[in-house]
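I sat down with this structure and a fresh notebook page. Here is what I looked up, in the order I went.

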Amino acid sequence: MAFTFKDIIGQDEVKGHLLQMAEENRLPHALMFCGPQGAGKLPLALAFARSLLCRSSMDGEPCGICDDCRMLASWAHPDLHFSFPVYKAKSTDHPVSDDYLPQWREQLAKDPYFDMEQWLETIKADKQQLTFYVQESDLLQKKLALKSSQGGRKIVILWLPEKFSQEVANKLLKLIEEPPAKTHFLLVSEDPDMVLGTIQSRVQRINVPALSEGVIAEALMRLHGVPEALARETAHLAQGSYTEAEKRMAEGCESHEMQELFMRLMRESYTRKIKGMYSWTEEVAAMGRERQKRLLEYFQRQMRENFIYNFRRPEMTFLSKEESQFSTRFAPFINERNIIFITDLLSEAQRDIAQNVNPKMVFFDVALKMTILLKQ
C-alpha cells in the first residue's frame, strides 16, 4: 500500500503544515515526527516522502502514474532510504536495515499503523531487543554520498531514533546536520526525549497529537466495517491510538494475555501463595524483554485505571468489559495509601528489565512486595 496524504487518518492540521512547507519550498534538512503511539507519525512521514519524491505531484498529492510513483507503490524507490532498529541473529552478525527490507516493505504494505510489538513479530524477534548498529551509519553515509538516481531529492526515513546507540548517534550527527544537497531526513520517534540532545537540536519537530475518539471510530467503521457501537467503545479504550484500536479489534490480542497475567499476580500476591507467585515469575521471565517491558507498562496502566475506578466516573476510565469486571472487586485495594508505591515499584522494575537485570529476580521481587502493598 503506497500511502498518500488522503490515506492518513485525521491529522488535518499536521498535513496542512507539511503541504505548506513543500509548496513554499522551505523544507528543513531534518524533521522529527513526535507524538504518542498510533497517532500516525510513520504514515505521515511516508506520505510526505512520496509527495516529495514525485516530481509531478499536484497540491502535495503524487500523480500516481509517473516512474517515481510506480516505484513508490512498493516502497522500492532508489532515492528513498529506510533505517530502523534490528537485531543480531548470531553474535557474529553485523546487521543493517537493508537485511530486513523485504519484511519492512511487507509490513508497510500490510498496514503502516504498526508498533514495535508488531515489527518484532514480523521479523520473528519476539525475545530480542532492537537497536541500530554502527555499520548502519556507515552504510547510510555511503548511500547518501551517491548522486540521486532520479535527479531529484533523496529522502531518509529513520524510525525510532531513540534506539540509537551513542556511537551511532555521534556518527550520524554530522550527516543529519549537514546532509548532501537535496537530501532530507524524516525521523519518527515514539519517545523524543530519549533521542540524543545534539540530534534533537538539529531537527525541526513536527508534533503529531493523539487522535480523537470520533476520528478513530469513523475510521474503524469506514475501513473495517465495524458496527458503530463497537467502534465507539473500541475508540474510547484505544486512548488516541489507531494502532491500539486495530489491535483490540484483532483476535488473540496480546492485551488478553496481559490481563490474565495481571489478575493472576494480584490474586497470588494478595493471598500470599508463594508457590503460585514463583510459577507466575517463571512464566513471565521466559518472555522476551520487549514483551516484559510492555507487560509492566500494562500493569502500570491497570493500577492507574483501578485507582480512578474508585471515583465512579466511567467516562474517566479506559477499561475493557473483562477488565472492568475484575476491577469491581479489585479496585478497592488500590487507594491513596499505596498507589504511588505500587506505580514506583512497577516503574523501577521496567527500568531494571531495560537494563538487562535478571528477570526472575525483578519479577519475583515485584510479586513479594505486592503482598505488602495490597494490604495497605
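The entries below go from the whole chain to single residues.

**Entry 1: overall build**

I began by noting that this is a predicted model. I then went through the secondary structure and found 17 helices and five strands.

Next I looked up the overall dimensions. The C-alpha atoms fill a box of roughly 70 × 50 × 35 Å along the principal axes. I also checked the radius of gyration against the globule rule: a compact globule of 376 residues would have a value near 21 Å, and the protein has 22 Å, so the two agree.

**Entry 2: burial, contacts and charge**

How much of the protein counts as buried? I got 54% of the 376 residues. For the accessible surface I noted about 17,700 Å², with 52% of that area belonging to carbon and sulfur atoms.

I then turned to contacts between residues at least 6 apart in sequence, and 74% of these join residues at least 24 apart.

Charges came last on this page. The protein has 48 positive and 52 negative charges, and their mean positions are 3 Å apart.

**Entry 3: aromatic rings**

I looked up the aromatic pairs and the structure holds 22 of them. One of these is Tyr87 with Tyr100, a tilted pair with 5.9 Å from centre to centre and 40° between the planes. Both tyrosines lie in the loop between β2 (80–83) and α4 (101–110), so their pairing ties together parts that are 13 residues apart in sequence.

Are these two loop residues buried or exposed? Tyr87 has 12% relative accessibility, so I put it down as buried. Tyr100 is buried too, at 10%.

I also wrote down Phe307 and Phe311, whose rings meet edge-to-face at 5.6 Å centre to centre, with 85° between the planes.

Which residues make up an aromatic cluster? I listed Phe262, Trp280, Tyr298, Phe299, Phe326, Phe330 and Phe363, which form one cluster.

**Entry 4: a covered helix**

I spent some time on α11, which spans residues 242–249. This helix is mostly covered, with seven of its eight residues buried. The buried residues are Tyr242, Thr243, Glu244, Ala245, Glu246, Lys247 and Arg248. I was pleased to have the charged names written out, including Glu244, Glu246, Lys247 and Arg248.

What covers the buried residues of α11? The cover includes α5 (116–122), α9 (213–224), α10 (228–238) and α14 (289–309).

**Entry 5: Gln259 and its contacts**

I followed this with Gln259, which sits in helix α12 (residues 254–270). Its relative accessibility is 6%, and because the cut-off for buried is under 20%, Gln259 counts as buried.

I then asked what Gln259 touches, leaving aside residues up to four places away in sequence. The answer is Tyr298, Ser320, Glu322 and Glu323. Tyr298 had already appeared in my notes as a member of the aromatic cluster.

**Entry 6: positive phi values**

I reminded myself that most residues other than glycine have a negative phi. Then I noted two residues that have a positive value.

Lys182 is not a glycine, yet its phi is about 60°. I found this lysine in the loop between α7 (166–177) and β4 (183–189). Lys182 is exposed, with a relative accessible area of 55%.

Asn356 also has a positive phi, near 65°. Its place is the loop between α16 (339–354) and α17 (359–373). At a relative accessible area of 47%, Asn356 is partly exposed.

**Entry 7: two distances across the model**

Finally I looked up a couple of C-alpha to C-alpha separations. Lys321 lies in helix α15 (residues 321–330), and this residue is exposed at a relative accessible area of 58%. Lys321 and Gly35 are 286 residues apart in sequence, and in space they are 28 Å apart.

Ile65 was my other starting point, in the loop between α2 (41–53) and α3 (67–72). Is Ile65 buried or exposed? Its relative accessible area is 77%, so I recorded Ile65 as exposed. From Ile65 to Ala109 I noted 19 Å in space and 44 residues in sequence.

Terms used: Residues are numbered from 1 along each chain as its sequence is written. This is a predicted model: local features need pLDDT of at least 70, side-chain atom pairs count only at pLDDT 80 or more; totals for chains, interfaces and linings use all residues. Side-chain values use heavy atoms; hydrogens and water are left out. Helices (H or I, at least four residues) and strands (E, at least two) are DSSP runs, numbered from the N terminus. The radius of gyration is taken over C-alpha atoms; the globule rule is 2.2 Å times the number of residues to the power 0.38. Buried means under 20% relative accessible area, exposed over 50%, partly exposed in between (1.4 Å probe, protein chains only). Contact means heavy atoms within 4.5 Å. Accessible areas come from the Shrake-Rupley method with a 1.4 Å probe; for residues, only the protein chains shown count as cover. Lys and Arg count as positive and Asp and Glu as negative; His and the chain ends are not counted. The place of a charge is taken as NZ of Lys, CZ of Arg, CG of Asp or CD of Glu. Rings of Phe, Tyr and Trp (its six-membered ring) pair if their centres lie within 6.5 Å; planes under 30 degrees apart count as stacked, over 60 as edge-to-face and the rest as tilted.
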